[in-house]
Amino acid sequence: TYTTDAKSREENKKTIESLYRLSVDIKKIRRLKEWVLLQDVAYVKEIAGILQEMGADETVVANILERCPEAILHTPAEINSQRALWQLVCQNEKQLIKLIEQFPESFFTTKYHEHQKANILFFQELGLKNNIITRFLTSAPNIFYNPVEKNKNVIETLQRNYLSLGGSDANMKVWILKLLSQNPFILLNTSTTIQENLEFLQKNDFTDHEVLQLLSKLKGFIFQLTSATMQKSMLFSKNVFKCSNQELKQLVLKCPALLYYSVPVLEERLEGLLKEGISVAQIRETPMVLELTTQIVQYRIKKLSALGYDVKSGTLESLNGTKKDFEVNYSKIQSKKERPIFNPVAPIHIED
């Protein structure tokens, strides 16, 4: 905790001078995190020195300190410990400095050093590759702030459930690693949430195999939901598509977004499609179209209409998929339209 009472404190002149010598934009720091400049003790030269040792030039050092000025409030010992820790998963210091420049806040959070270390070693033992662990360190740093026991507990819950749902011992490791790679934030859940959400699916007549299927399709995001929100989304879909429980289950397996998105999101997307003249029957046939935002749907319909393709009268398959999938479909329709019609029995005119 640092003092933030600006009125009773003055900026540390020594800190200002040291930053100025490093060509750091002090106005930027004043605007964003002035409290850093009010601290009595700062290690500007020392932290800049460590970064330079790792291969950072003057511009990179200035960039890092502008983006994360609180770095200068850490002792050199703390930063060297963090450096050694990140080197466990970085190929070399060149990669490390690049990561620090892109994600300075993640690197300069030294408060949970022991947890970070224990978790890095645990992830390595689990079989996660170092490049995946570095991705976690930068994009999901808070999973390293948990005590390692908590993360182990969540992983054990997932493993236990995977086996009880009929998954095999041989595939379990690959399944867990893939799930973690897709969504490391699973580790921020509690074992109870995981258990409750799986039980909710089983109570709604999804077979063990189907539950596993949904877990993989939803990349573990199902654990960030509650049984109440899932219940509401399913009820909304059931009313819209006027289907039985069994039919609803098939629709959810086809399009897990029906389970994942909240009612207001589904409502907005459905309305957007209906405004474009698309029928509920068409959406029921291709529910995956609800995974797309209204803006994306409008853009795709416009592009297809320009080719003379009417989505209202046909299937919605051509609207579906990722940006890449859509571009491939669009190109096929375009080339079909541009291809000249060849009539094999038409007479050939040959000039004399």
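**Figure 1. Asn-183 and the residues it touches.** Leaving aside residues up to four places away in sequence, Asn-183 touches Lys-219, Gly-220, Phe-221 and Gln-224. Bear in mind for this and every other view that the model is predicted. Asn-183 sits in the loop between α11 and α12 (191-203). Is Asn-183 buried or exposed? With 0% relative accessibility, Asn-183 counts as buried. Look also for its polar partner: a polar atom of the Asn-183 side chain lies 3.4 Å from the backbone oxygen of Lys-219.

**Figure 2. The largest nonpolar core, with Leu-51 in view.** This core has 108 residues, and those with the most contacts inside it are Leu-51, Phe-108 and Leu-259. Helix α11 (residues 169-182) gives the most to the core, namely six residues. As background, nonpolar side chains tend to be buried together in soluble globular proteins. Which residues does Leu-51 touch, not counting residues up to four places away in sequence? They are Ala-56, Val-61, Ile-64, Ile-97, Ile-100 and Phe-108.

**Figure 3. Helix α6, its buried side and its exposed residues.** In helix α6 (residues 93-102), the buried residues are Leu-96, Ile-97, Leu-99 and Ile-100. Viewed down the axis of α6, these buried residues fall within an arc of 160°, so they line one face of the helix. They pack against α3 (44-53), α4 (58-67), α5 (76-86), α7 (104-107) and α9 (130-139). Two of the residues named here, Ile-97 and Ile-100, also appear in Figure 2 as contacts of Leu-51. Turn to the face away from the buried side and you will meet the exposed residues Lys-94 and Lys-98. At the N-terminal end, α6 is capped by Asn-92. A side-chain oxygen of Asn-92 lies 3.2 Å from the backbone nitrogen of Lys-94.

**Figure 4. Helices α13 and α15 where they meet.** Two packed helices are described by the angle between their axes and the distance between the axes. Here the axes of α13 (residues 208-217) and α15 (residues 245-254) come within 10 Å and cross at roughly 35°. From α13, the residues to find are Glu-210, Leu-214 and Lys-217. They meet Lys-249, Gln-250, Val-252, Leu-253 and Lys-254 in α15. What classes of residue make up this contact of α13 with α15? There are three nonpolar, one polar and four charged residues.

**Figure 5. Two loop residues with positive phi, Asp-205 and Lys-242.** Most residues other than glycine have a negative phi. Asp-205 is not a glycine, yet its phi is positive, near 70°. This residue is found in the loop between α12 and α13, and with 53% relative accessibility Asp-205 counts as exposed. Lys-242, also not a glycine, has a positive phi of about 45°. You will find Lys-242 in the loop between α14 (227-241) and α15. Its relative accessibility is 71%, so Lys-242 counts as exposed.

**Figure 6. Ala-306 and Gln-334.** Ala-306 lies in helix α19 (residues 294-306). With 63% relative accessibility, Ala-306 counts as exposed. How far apart are Ala-306 and Gln-334 in sequence, and how far in space? The two residues are 28 residues apart in sequence, and their C-alpha atoms are 9.9 Å apart in space.

Methods:
Residues are numbered from 1 along each chain as its sequence is written. This is a predicted model: local features need pLDDT of at least 70, side-chain atom pairs count only at pLDDT 80 or more; totals for chains, interfaces and linings use all residues. Side-chain values use heavy atoms; hydrogens and water are left out. Axes are lines fitted to C-alpha atoms, for helices over the stretch in contact, and angles run from 0 to 180 degrees between N-to-C directions. Helices (H or I, at least four residues) and strands (E, at least two) are DSSP runs, numbered from the N terminus. Contact means heavy atoms within 4.5 Å. Ala, Val, Leu, Ile, Met, Phe, Trp, Tyr, Cys and Pro count as nonpolar, Asp, Glu, Lys and Arg as charged, and the others, Gly among them, as polar. A nonpolar core is a set of buried Ala, Val, Leu, Ile, Met, Phe, Trp, Tyr and Cys residues joined through side-chain atoms within 4.5 Å. Buried means under 20% relative accessible area, exposed over 50%, partly exposed in between (1.4 Å probe, protein chains only). The arc is that of the directions from the helix axis to the C-beta atoms. A polar contact is a pair of N or O atoms within 3.5 Å; within protein, one must be able to donate a hydrogen and the other to accept it, and residues adjacent in sequence count only if both atoms are side-chain atoms.
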